[in-house]
Amino acid sequence: MLFSIAWRNLWRHRTRSLAIIASVALGVWAGAFIVSLYYGMGNERVRIAIEEEVSHLQIHHPKFREDFEAVWNFKLDRLNDALQRTPGVKAWSLRTTAQGMLANAAGSNGVQINGVNPAAEITTRNFDHFIIAGVFFDPEKKNQVLVGKKLANKMKLAPGAKIVLTFLDAEQNIQSGAFRICGIYETSNAPLDERNVYVGQTELNELLGMQGCGTEAAILMHGENEIAGALAFLQKELPDLEVESWRTISPETDLIMSSLDISSFIIIVIIVLALAFGIINTMLMAVLERTREIGMLMSIGMTKIRLFGMVVLETVLLTMIGCPIGFGFAWTLNEWLSKSGIDLSVIAGNLMKDFGYGAIIYPDLPGFKVSQIVLTVFVTALLASVFPAWKALSLNPVEAIKR
Amino acid sequence: MDTPVIDIHNVSKIYNPDTIPVPAVNNVHLHFERGEFTALVGPSGSGKTTLLNIIGGLDAPSEGQVIINGTDITRLSANQLIRFRLHNIGFVFQSYNLIPVLTARENVEFILLLQGVPKARRDKRVHDLMASVGLGDKMDVRPAQLSGGQQQRVAVSRALASKPQFILADEPTANLDSKAATNLLDIMAKLNQEEEMTFIFSTHDARVIERARRVITLEDGRVASDTGAVKV
Ligand SMILES: Nc1ncnc2c1ncn2[C@@H]1O[C@H](COP(=O)(O)OP(=O)(O)O)[C@@H](O)[C@H]1O
Ligand SMILES: [Mg+2]
């Protein structure tokens, strides 16, 4: 009967109870939505990092990462042979990279020059899809270069324009070559686009005096699960080279994923704190306007623990109604948005690209986050009901009845 | 039975002893026995409510003892008092004070639930009580749909439900018209006769005083006169 008293008490002030239910539902929904957005962004960042930037695995000379010099190279044939035998590999691209300058009549800009095999760039990361002007390397022509949109805008470069690339060769001599822009590309990561230009690998190797060599291998696996096996295999095959997964190559991406947990939890806590204030306020009102009745209950023999239980139960019931409603909304919205995606370019413009995110986010609501929200909301509701319940206990029955 | 059910010993109550002291009950000695039908009378402010609250353990006296069946209730803790009331004392308040969200039946049953009485016995007891106060047909109605007199009769059933030692009623007829007041008194008198239930009620209504078998008059918190205990 304690249950049915608590239950019926809820409906004495229908609007007020509905307001609490609505705020619980809203809190749960908002929390779940923000969490799903965070995770969607995290997934998107990882997807971009893998599909557009670093692929699953990369191989370099151990010293390469210290100064990115072309002297730290490997033989292309040896890599091709090892990769052919590696299980789970979908595609790979061998590159030669050099640090240098891009210059034209208007000025110059520091760049990383990537000598690539066009066909391999298409199989590993669909590079041809990023072309927004001109073409992705014309097989008929020589000395072509692809530049990123941001750099093109900055230096007023257009397809057909001539530029000069200057860099240090394997012997530390300054080399330069004239190139013609064949196309402008744009990925989801604007800072990377500004820094990277792409030329044919054979041409760059010639200029560097290191034919048949490369400095970087990017490997795309059939799936995330294949990474560990391939990494172990390659490390054994190529003991003098360094094999790394995207987690170590792009530590900021991995960091984003782990900070997602923390930051989404903080958001949940903030929402839940607002909820707690609402609950404390409302339940306190509910208790104070029933002082007379509570005094009577104590007079006729309702113990304090039962009284306490009644107030807590009322709060828990409200939460129990609000939670599923909030989740119903969150789930429905997530079902829809995780398929259609949210186009953030409408509100954020190019900001998303400046931070290396795609414009369309597909929200993702992991199950363990759902239970975390439920648990947090419930514990909060319980804690928030303690003060009003304690207030009810501290009423003096005689005083309460007099009023 | 001549053993006193309630023994009030030298009880005084002073409100606000630290600021503006208000002596509400002064040095009261009283004995109540089983089966009494006693009116506590006196002008407004003479200390009737205060004394009833002290007897019922709702309020603590500043001085003195209240011994009920050998237990000095002034020594009990707040929670012990609540449990003591649940099993020994029935209350009827001036303004009915039923639980508004429960039906008449549930209001009476609630006490039995608190006592942990099993369902079958609860049902029978509630049924019998509601019938004996003439509300057998209003069992499933909420208090708001009952008249004042009917609500007070539910309150009397509720007070009786726990089979208490005695029932304390503070001006139970004050909010009732004379017909409802007479009806309530009839029921109380009947229960007093049939179940030997002890009633102690405060009132300043002359027609109610007429019905009492013992009349204790309070003046400025003192017992001014007492017609003495009369058994059933
Ligand atoms: N809570 C209180 N604080 C201070 N004085 C009180 C309080 N309750 C009652 N009194 C005073 O105690 C006296 C007795 O009051 P009460 O017992 O209510 O009398 P009655 O019920 O006979 O009208 C009155 O003078 C009243 O003003
Ligand atoms: Mg009074």
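I take a polar contact as a pair of N or O atoms within 3.5 Å; within protein, one must be able to donate a hydrogen and the other to accept it, and residues adjacent in sequence count only if both atoms are side-chain atoms. With that rule I counted eight residue pairs in polar contact between chain B and chain A, both residues at pLDDT 80 or more.

This is a predicted model, where local features need pLDDT of at least 70, side-chain atom pairs count only at pLDDT 80 or more, and totals for chains, interfaces and linings use all residues. Residues are numbered from 1 along each chain as its sequence is written, chains are lettered from A in the order in which they are written, and side-chain values use heavy atoms, without hydrogens and water.

Next I looked up salt bridges (a side-chain nitrogen of Lys or Arg within 4 Å of a carboxyl oxygen of Asp or Glu). I found one between chain B and chain A. Glu106(B) pairs with Arg8(A), and their closest N and O atoms are 2.6 Å apart.

Then I checked which helices of chain B take part (DSSP runs of H or I, at least four residues, numbered from the N terminus). Helix H2 (78–88) and helix H3 (104–115) each supply at least two residues of the side that touches chain A.

I also looked up the extent of the contact (heavy atoms within 4.5 Å). Here 28 residues of chain B meet 22 residues of chain A. In chain B, Ile82(B), Val101(B) and Leu114(B) lose the most area to chain A, together 24% of what that side buries (accessible area, 1.4 Å probe, lost on being put together).

How values were computed. Buried area = accessible area lost by both parts, 1.4 Å probe.
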